[in-house]
Amino acid sequence: MHVLVVEDDESVASSVMEGLATANLGATLVGSGTEALRSFAELSPDIVLLDLGLPDMDGTDVCRSIRSTSSTPIIILSARDDEIDRVVALEIGADDYLVKPFGMRELIARIRAVVRRSSTVEPESTKSLRNYGPLSIDSRSRRVTLAEVEIYFTPKEFDLLDYLSRDAGAVLRRAEILRNVWETNWYGTTKTLDAHVAAIRRKLGDPGWIVSVRGIGFRFGLPE
Ligand code: CA
């Protein structure tokens, strides 16, 4: 799990980063709204901890902006004098709200609760046998059939197809795919990703199964 921490106050930031490290959670720290949006796009974190009083823009705008493209959980970290309450936080799409100063134990517990909640909303993705028109993918036996004819994939091709198809219709970011399928954030592997996508398209006989979304990543679905 990777946490994006958006906080410009150094003392709060360092205690949060320390608390996350103690809980064995990977984290990236940024100190402005602009950096937050850029890092969010690049890293595809599993959760965002967001301070509202940022030097360059309002945290509520950062929250709205993330929410307009993604359902990644967001926990707002707010100073007592920020003019925002829980209701507003939820209105702008945040999942939870913590008032500073807060204890690290409470923060970690909230993170786990929010991530757990958000990952239980996709029942389809947890099924091991999934059908998409003529295509059938069985994650347990790692078998793929198209119109009842078995198609052979290399282990990584299968992993990639399996991963993309679990969230059919959604645009998955390159960084997210690399982290989950190749377990790396190394951008050099992006060529490998393209090569695997090309191989899967070829084997499925239609490039429409995996659509490239420019500047973002890929979307799996039934070809039109
Ligand atoms: Ca601040």
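A salt bridge is counted here where a side-chain nitrogen of Lys or Arg lies within 4 Å of a carboxyl oxygen of Asp or Glu. Under this rule, the side chains of Asp194 and Arg174 meet in a salt bridge with an N to O distance of 2.8 Å. The model is predicted, with local features requiring pLDDT of at least 70 and side-chain atom pairs counting only at pLDDT 80 or more, while totals for chains, interfaces and linings use all residues. Residues are numbered from 1 along each chain as its sequence is written, and side-chain values use heavy atoms, with hydrogens and water left out.

**Overall architecture**

The chain contains nine helices and twelve strands; helices (H or I, at least four residues) and strands (E, at least two) are DSSP runs numbered from the N terminus. Along the principal axes, the C-alpha atoms fill a box of roughly 65 × 35 × 30 Å. Of the 224 residues in the chain, 45% are buried; buried denotes under 20% relative accessible area, exposed over 50%, and partly exposed in between, with a 1.4 Å probe and protein chains only. Among contacts with a separation of 6 or more, 55% are made by residues 24 or more positions apart, a contact being heavy atoms within 4.5 Å.

**The two domains and their interface**

The domain assignment gives domain 1 (2-119) and domain 2 (124-220), with bounds that come from an automatic or database domain assignment. The contact between them takes eight residues from domain 1 and five residues from domain 2. Taken over C-alpha atoms, the centres of domain 1 and domain 2 are 30 Å apart.

The size of an interface is often given as the accessible area lost when the parts come together. Domain 1 and domain 2 bury about 540 Å² between them, 37% of it on carbon and sulfur atoms; this buried area is the accessible area (1.4 Å probe) that two parts lose on being put together, summed over both. Of the area that domain 1 buries against domain 2, Glu42, Leu43 and Ser44 supply 60%, more than any other three residues.

Zero salt bridges are counted between domain 1 and domain 2. Two residue pairs are in polar contact across the interface, both at pLDDT 80 or more. A polar contact is a pair of N or O atoms within 3.5 Å; within protein, one must be able to donate a hydrogen and the other to accept it, and residues adjacent in sequence count only if both atoms are side-chain atoms. On the side of domain 1 that touches domain 2, helix 2 (residues 33-43) contributes the largest share, four residues.

**Salt bridges**

Side chains of opposite charge can pair when their charged atoms come close. The whole structure holds 13 salt bridges, including the three tabulated below.

| Pair | Closest N to O distance |
|---|---|
| Glu7 and Lys100 | 2.9 Å |
| Arg130 and Asp162 | 3.0 Å |
| Asp194 and Arg174 | 2.8 Å |

Glu7 lies in the loop between strand 1 (2-6) and helix 1 (10-22), and Lys100 in the loop between strand 5 (96-99) and helix 5 (104-119), so this pair ties together parts that are 93 residues apart in sequence. Both Glu7 and Lys100 are buried.

Arg130 belongs to strand 6 (residues 129-132) and Asp162 to helix 7 (residues 155-166), so their salt bridge ties together parts that are 32 residues apart in sequence. Arg130 and Asp162 are likewise both buried.

Asp194 is in helix 9 (residues 190-204) and Arg174 in helix 8 (residues 174-182), so the pair ties together parts that are 20 residues apart in sequence. Asp194 is partly exposed, with a relative accessible area of 33%, and Arg174 is partly exposed at 27%. Salt bridges that share partners also join Glu7, Asp51 and Lys100 into one network.

**Backbone features**

Most residues other than glycine have a negative phi, and most peptide bonds are trans. Lys100, the partner of Glu7, is joined to Pro101 by a cis peptide bond with omega of about -5°. Pro101 is placed in the loop between strand 5 and helix 5.

Arg142 has a positive phi, near 55°, and lies in the loop between strand 7 (135-138) and strand 8 (143-146). Its relative accessible area of 40% makes Arg142 partly exposed. Ala147 also has a positive phi, near 50°, and is found in the loop between strand 8 and strand 9 (149-151). Ala147 counts as exposed, at 55% relative accessibility.
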